[in-house]
Amino acid sequence: LLLQWELAGQTQTSTSKDLRPTLPSECNATSAAYLFQPDKLYGEYDMGDKTIQCGRRADAFKLWLAWKAVGDAGWAKRVDHAIKLAAHFESRIAGSEGAFRLAMPRNYANVCFWYVPPALRGSGDPAAYSAEDWEVLHAAAPALKAVMQTEGLAMIGFQPLMGLPNFFRIVFPSCFGTSIADIDLLLERIQVIGDAHYAK
């Protein structure tokens, strides 16, 4: 049984100082390519791979505290809400008339998707795209994430995986304050940002 404990809510923070600059990486780095993309905006400032928390060493205590605060019924309600949001997100992708495509089927509360630039819409399954079209699709996620991040809209991760071009991966942890209307607005804003970017 594998559970995503980030549904617990708040993230903890700590600091430390060591005069050996490579020591944090040597002790904690997992080099998880899906978390630490070098082509994202401000990627050089991402210190996550150097932290103890990224190695999940402090999560057991956080889980215990969260379970005491939320309880079984509270966890069930949060998980059900997360799945409802992910399923709605997936259905909105499917009904987007080609503006978005699923990169792979939804997995629990994870939805992997592409924003499809207008020139590629109607071209069918991205798996059948030409190499040039894949390059266009691959460049879309970093460009849109940079705009979303700059505008303060969202921080949705992206990565290539299994030979696929960059795609967004939205996960619904700690989403008890997120509504269906929030999801709809997010997708509308991503499409507006993407369409404006490719209209230049």
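**Close-up views of a predicted model**

**View 1. Cysteines of the model.** In this predicted model, the count of disulfides comes to zero. Cysteine 112 has a relative accessible area of 8%, and because this value is under 20% it counts as buried. Cysteine 175, at 5% relative accessibility, is likewise counted as buried.

**View 2. The largest nonpolar core and a second core.** The largest nonpolar core has 27 residues, and among these Phe89, Phe168 and Phe172 touch the most other members. Two or more residues are given to this core by each of the elements α2 (59-94), β2 (110-115), α3 (131-151), β4 (164-171) and α4 (180-199). Separate from it is a second core, made of 10 residues, which include Cys112, Val116, Tyr129 and Phe167. As a general background, nonpolar side chains in soluble globular proteins tend to be buried together.

**View 3. The surroundings of phenylalanine 168.** When neighbours within four places in sequence are left aside, phenylalanine 168 is in contact with Val111, Cys112, Phe113 and Tyr115, with Ala141, Leu144, Lys145 and Met148, and also with Ile156, Gly157 and Phe158.

**View 4. The crossing of α3 and α4.** The axes of these two helices, α3 and α4, come within 10 Å and cross at roughly 115°, and the crossing is right-handed. On the side of α3 the contact is made by Val136, Ala139, Ala140, Ala143, Leu144, Val147, Met148 and Glu151, while α4 contributes Arg189, Ile190, Ile193, Gly194, His197 and Tyr198. Sorted by character, the residues of this contact between α3 and α4 comprise 10 nonpolar, two polar and two charged.

Note on methods. Residues numbered from 1 in each chain as written. Predicted model: local features only at pLDDT ≥ 70, side-chain atom pairs only at ≥ 80, totals over all residues. Heavy atoms only, no water. Core = buried A, V, L, I, M, F, W, Y, C linked by side-chain atoms within 4.5 Å. Buried < 20%, exposed > 50% of the residue type's maximum accessible area, 1.4 Å probe, protein only. Helix = DSSP H or I, 4+ residues; strand = E, 2+ residues; numbered from the N terminus. Contact = heavy atoms within 4.5 Å. Disulfide = S-S within 2.5 Å. Axes fitted to C-alpha atoms, helices over the stretch in contact; angles between N-to-C directions. Left-handed = near helix turned anticlockwise from the far one by under 90°. Nonpolar A, V, L, I, M, F, W, Y, C, P; charged D, E, K, R; others polar.
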